[in-house]
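Visitor: I am new to this structure. Please show it to me and tell me what the words used for it rest on.

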Amino acid sequence: MLIFEHTHPGTRNRAQQPAAVADTQLADIPANQLRQQPAALPAVSELQVIRHYTRLSQQNFAIDSHFYPLGSCTMKYNPRGANRAAMQPGFLSRHPYAPTASHAQGLLACLYELQQILKAATGMCGVSLTPMAGAQGELAGMAMIRAYHLARGDSQRCEVLVPDAAHGTNPATAVMCGYRVRDIPTDRNGDVDIAALQQVVGPQTAAIMLTNPSTLGVFERNIEPIAAIVHAAGGLLYYDGANLNAILGKAQPARMGFDVVHLNLHKTFSTPHGGGGPGAGPVLVNERLEPFLPVPLVIQESDGYRWVEAPERPQSIGRLSTFMGNVGILLRAWAYARMLGREGLPRVADYATLNANYLAARLRQAGFDLAYPDRRATHEFIITLRHEQKQYGVSAMDYAKRLLDYGHHAPTTYFPLLVPECLLIEPTETESRATLDRFVEALIAIRDEGRSNPDILHTAPHTLPVRRLDEVRAAREPDLRWRSGSG
Amino acid sequence: MPFIPHAADDVAAMLDTIGVASIEALFDEIPAPLQQCDLSAIEPGEPEMVVSRLAAERAAADGVPICFVGAGAYDHHIPAAVWDLVTRGEFYSAYTPYQAEASQGTLQLIYEFQSMIAALTALDVANASLYDGASALAEAVLMALRGNRSNRSRQVLLPRTLHPAYRATVATIVTPQQVELETIDYQRDSGTLDVAALAPYEANPPAALVVPQPNFFGQLEAVDQLTDWAHRHGVLLIAVVNPIALALLKPPGEWGEKGADIACGEGQPLGIPLASGGPYLGFISCREALLRQLPGRLVGRTVDRDGKPGFTLTLQAREQHIRRSRATSNICTNQGLLAAAATIYMALLGSDGLTAVARACHANRNALLTALTEIAQVEAPFSGAGFHEAVIRIGQPADQIIRSLAAQNLIGGYPLANDYPELGEDALLICATESRSAADISRYRDNLQRILERRGPACTRLRPADGL
């Protein structure tokens, strides 16, 4: 039932209404500027609202309630302590334009420390915290690359190279920045095909966008030759930080030869995913891209911290948000990083990698096919169900849906596109061995069901608030909003 | 180890299962020269108790001043229920609802959000949210360029009465796609856009015209005339609106004869704390004809295999994870948790409550303007109606006065001189929402009067700079 359908006309939440204002006080607004029909919003009591949204929340799987091994999304525990740090009244009530000298030094100290932590973790020399999501970080990074080439009068670079295993945001971002995209194939072992790269790289190459470890769940072993080839052609290297959790505190994008990096704080730094945002996608750069960083930046001077805005940064690509990006998310990442500290950051990569390799080893011992059996798993890995599909007609989607019945969120399915019938599994470091064991047992049980009674899988899930949804109908006859009088 | 549950015997057993001697051995595919990371610049870790205390101290140092600034972010009362519900772990720690059956809570909530935004703007469809107001406008501009069937112009008109940070953000995001952003000046007496100023663009009409309502100065634009001008010339009209104001003011879908084509704006006023500028909430809605040009996530209602109603992400063929380089935008994550806050806020207030808030904001804005202009040196340069905010001139450099007010724990407004030098160094944008009391307003007036008097009449009125 929709909240609108609880409406009882005349219901008002008097506790949420300020004192009434006489009509005469609106007399200065011309009649033709006024709204005639009230908006069709619900008219319900405060208790109804609480019950309705509490019930809705109970229809979600979440990290707080379920194992959530969604590959390439790093669904680790979001510490409550980080949430509390960001929800301090002084932080929540601060207006973005409150003067910084008198009313922002505490906030800016946190943001400045976060800048320093991210620089140390990546080895880069400049940082801007302002991008509001990974995709906006990508946009900032590619816009900086574009600005760099143009500032050198190098206007012929019109292509961006993207491996075929990359996240969809990579090619979409390159196009938003005015580039043509060239796909680079992956070799049999999951590394970038160097011969193919050499054939397409050239004076038209603006950059290559890479995720390392890649979305195939393996470390790109050729990263040094790739960097040499692209740099020799005058192109730059873009690092998509989606998988930084695998190498946090162990290896740095700067040392691999990357010129610009975006991080996903909602992945590696454990800020909440919130049902699809907000995220934060800070960008970090080396010296050559430093002048182009998006504004504002936080700097420390003898008399305190302050923002640096566009007039002081004439080569900046500019502003990406009305104010300063997702500050509340940055504060959560700051609190998380301060709790972990210098010794805790590498442990993230250690235990994320341990958990993934343990899970991969157990599944392999149970007879599941790893997509890259000769490779070490990173913080995630892929199993392929093509054999089960061929022999029993049971698909990766069937497994995903049946896993929900077993109380586990599904891994990422059908991505990367290179591996047929794949599950991309990322357990993260915050899960216990016991949870991983239960997940293995669930997959074995599902495989048995798929072989003996595949219909159980085809028709799964069976225990959730709804069963498999008609997505074709949703797209063919879009019903995107409630209207009064509709059902 | 913070947040890592492994006991020593777990680690030993796991390594044994994998068949390696140590965790270090799991990194053996990383070339040796790359296995370095100097973290000495980072402090050692601290327990939650210590980090909590540091956060509390720093937040307290920033104070909780009385806020008379708006300029794109508004200090409204947020019902306690909003964030009690939003921070429930089931909302807070879920991800994008790819597995629809396990995400009906988030999906239904977004469907309700889309319904409420569409209703508030009086347009056909809204998406699941964008990052913030400024970036939502950038997406609206790109959408209009794709969706305008009357012309192939790459030009978009942005009035100077639009928030300066919105203009800057749009420029950053759309410039790489060969878009020409043309700035339109405003009338000095009203602080609004003049339809006559658009005449030069009639010969070669642009793809879109952006109209903010209320505008950055808090003034009301002639939205009907501007919309009709746009449609007469095959131009799409993009409305940038404040969602609280929409409870009182004519919604974009009803502007002029045909209504605006796209509406977007900042959803922060709907139950989202000021929080130094984010995370906020971009919203966007449009007419049905532009549906396939909408960027970002969309939730649709459908049925499951038993015919029971349910919700799912839909029309994903527009999006980057399906279409890759041919997507409508690179956007992936949106602002799901903030959309939840806005939905719960709107459900709690309803149309009556939202209207009551808007009326109280308007009354307070007028009361503030009246109180401050009682001071001899203070005057209001613009005539005509406004909402939320107003421009005043105070006879002294606004940035200095702001600092003096801050020492009294008052955030006095937004100095306009950097963005609008023609208004004078003493021009200040002020705001009062429903949460300012009569005592707050008196306190502001008394302090401002005292500060201006102390600085004395010696400082003559500043002259506006010539031109722009």
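Guide: A residue is called buried if 20 or more other C-beta atoms lie within 10 Å of its own. The model here is predicted. In helix H13 of chain A, the residues that meet this cut-off include A:Asp398, A:Lys401 and A:Arg402, along with A:Tyr399 and A:Leu403.

Visitor: What makes helix H13 of chain A mostly covered?

Guide: The helix spans residues 396–405, and 8 of its 10 residues are buried. Their packing partners in chain A are strand S12 (412–413), strand S13 (422–425), helix H14 (433–452) and helix H15 (454–458). After H13(A) comes A:Gly407, with a positive phi near 85°.

Visitor: Which residues have the most contacts inside the largest nonpolar core?

Guide: They are A:Met144, B:Val141, B:Ile238, B:Ile262 and B:Ile344, in a core of 331 residues. H11(A) gives the largest share of this core, 23 residues.

Visitor: Why is A:Met144 said to be in contact with A:Phe292?

Guide: Contact requires C-beta atoms within 7 Å, so A:Met144 and A:Phe292 meet that limit. Leaving aside neighbours within four places in sequence, A:Met144 is also in contact with A:Val260, A:Val285, A:Leu289, A:Leu293 and A:Ile317.

Visitor: How many residues of chain A are in contact with chain B?

Guide: In chain A, 173 residues are in contact with 168 residues of chain B. Helix H11 (residues 327–365) supplies the largest share of chain A's side, 22 residues. That side has 89 nonpolar, 52 polar and 32 charged residues.

Terms used. Residues are numbered from 1 along each chain as its sequence is written. Chains are lettered from A and ligands numbered from 1 in the order in which they are written. This is a predicted model: local features need pLDDT of at least 70, side-chain atom pairs count only at pLDDT 80 or more; totals for chains, interfaces and linings use all residues. Two residues are in contact if their C-beta atoms, placed from the backbone, lie within 7 Å. Helices (H or I, at least four residues) and strands (E, at least two) are DSSP runs, numbered from the N terminus. Ala, Val, Leu, Ile, Met, Phe, Trp, Tyr, Cys and Pro count as nonpolar, Asp, Glu, Lys and Arg as charged, and the others, Gly among them, as polar. A nonpolar core is a set of buried Ala, Val, Leu, Ile, Met, Phe, Trp, Tyr and Cys residues joined through C-beta atoms within 7 Å. A residue is buried if 20 or more other C-beta atoms lie within 10 Å of its own, exposed if 12 or fewer, and partly exposed in between; C-beta atoms are placed from the backbone.
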